[in-house]
Amino acid sequence: MATYNTAAVPLQDTAPDAMTGSVDTATSQAPYDVEAARNKEDGSLNSDHEEALSRFRTAGSVVMTPELFEKLYLSPERRVKGNLRQTFANPTPLAILGHILSICPLGCDLIGWRGAGQSGAASTGAFIFVGGLLLFISGILEFFLGNTFSFVVFCVFGGFWFSLAGTLIPSFNSVGAYSATGESLVLGLSTKGFNASFAFYLLFWALAVMILLVCSLRTNIAFVALFVCLEFTFLMLTGAYFTNANGQAVIAGRLVKAGGGFALACGLIGFYIFLVLMLVAVDFPFLLPVGDLSHLMVGYSKKHGALKTN
């Protein structure tokens, strides 16, 4: 007669009764393969083992709500392979700090407080080694963590600070090339060619920021407010350089100050976001709100399933 394990699986072939020569049909309808039965038993044990491991991994993993994720990464959560987010430090606060330590002084320079000016030339070094470098490094790290939106934003604005510094560095001759002598910084600043050209540069930055602003509507209110201020900064400065190219210096001066005001507001909002990020990083007893917006618009993948690439 066949013997059974605890899962009621026969472990040997059903054999005829020694006395009668008949097969016990009450317990078996067909012969069983011993090896297959044992494999089934092993599979059952492996399944139980995997389930236990799964419970262990879940207990040892950090489960974040969408609100907490967006406080940490300023990006809607997307599934990525691996657990790099739980393994390595969060680069987002570094990028935010680099941006605000560059845009706040620039805003004050554009407003002209206490005699400041020259489009932030005194902060050229900060634009390179604080704004540009920190944002670019943070963007690359966001890339490896799978945070596409943050990766694009940080790398793009790292490039902005690098390019602005290049415009201000005399050896680049970005301004002097427009002067009659081909090298005078002072004469180049007053030319129609430089002002109109730089206005177009700022105009297309305003377009790029508008796209990022639309995308930020899936993140949080603080990040959206930062992009709104940044958008108006570029629009005001674009108008300032266009009007200056037309010889309307007084209106241009007012627009520059308005742009500086929006830049400073952008930086102050950034300081708030930086505070939120650092409070989360040190597991502070309380957290500050950023106004999660991800739940207001359901993502495409949640509505229609994962995006297909082929």
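**Figure 1. The chain follows the pattern α-α-α-α-α-α-α-α-α-α-α along its sequence.** The model shown is predicted. Its secondary structure comes to 11 helices and 0 strands. The chain holds 310 residues, and 36% of them are buried.

**Figure 2. Contacts and exposed surface of the chain.** Take the contacts between residues at least 6 apart in sequence: 63% of these join residues at least 24 apart. The exposed surface of the chain comes to about 17900 Å². Carbon and sulfur atoms supply 66% of that area.

**Figure 3. Close-up of the second largest pocket, which holds about 780 Å³ of space.** Its lining is made up of 38 residues. Closest to the pocket centre are Leu110, Gln118, Ser119, Leu189 and Tyr241. Rolling a probe the size of a water molecule over the atoms shows where such empty space is left.

**Figure 4. Helices around the second largest pocket.** Six elements are labelled, and each supplies at least two lining residues: helix 4 (92–111), helix 6 (148–168), helix 7 (185–189), helix 8 (192–216), helix 9 (221–245) and helix 10 (249–281). Helix 9 gives the most to the lining, with 7 residues.

**Figure 5. Chemical character of the lining of the second largest pocket.** Nonpolar residues number 26 in this lining. Polar residues number 10. Charged residues number 2.

Technical notes: Residues numbered from 1 in each chain as written. Predicted model: local features only at pLDDT ≥ 70, side-chain atom pairs only at ≥ 80, totals over all residues. Heavy atoms only, no water. 1 Å grid on protein atoms, 1.4 Å probe; cavity = no way out; pocket = protein on both sides within 12 Å on 5 of 7 lines; lining within 4 Å. Points joined across faces, edges and corners; volume = space filled by probe spheres on them. Helix = DSSP H or I, 4+ residues; strand = E, 2+ residues; numbered from the N terminus. Nonpolar A, V, L, I, M, F, W, Y, C, P; charged D, E, K, R; others polar. Buried < 20%, exposed > 50% of the residue type's maximum accessible area, 1.4 Å probe, protein only. Contact = heavy atoms within 4.5 Å. Areas by Shrake-Rupley, 256 points an atom, 1.4 Å probe, with all protein chains shown as cover.
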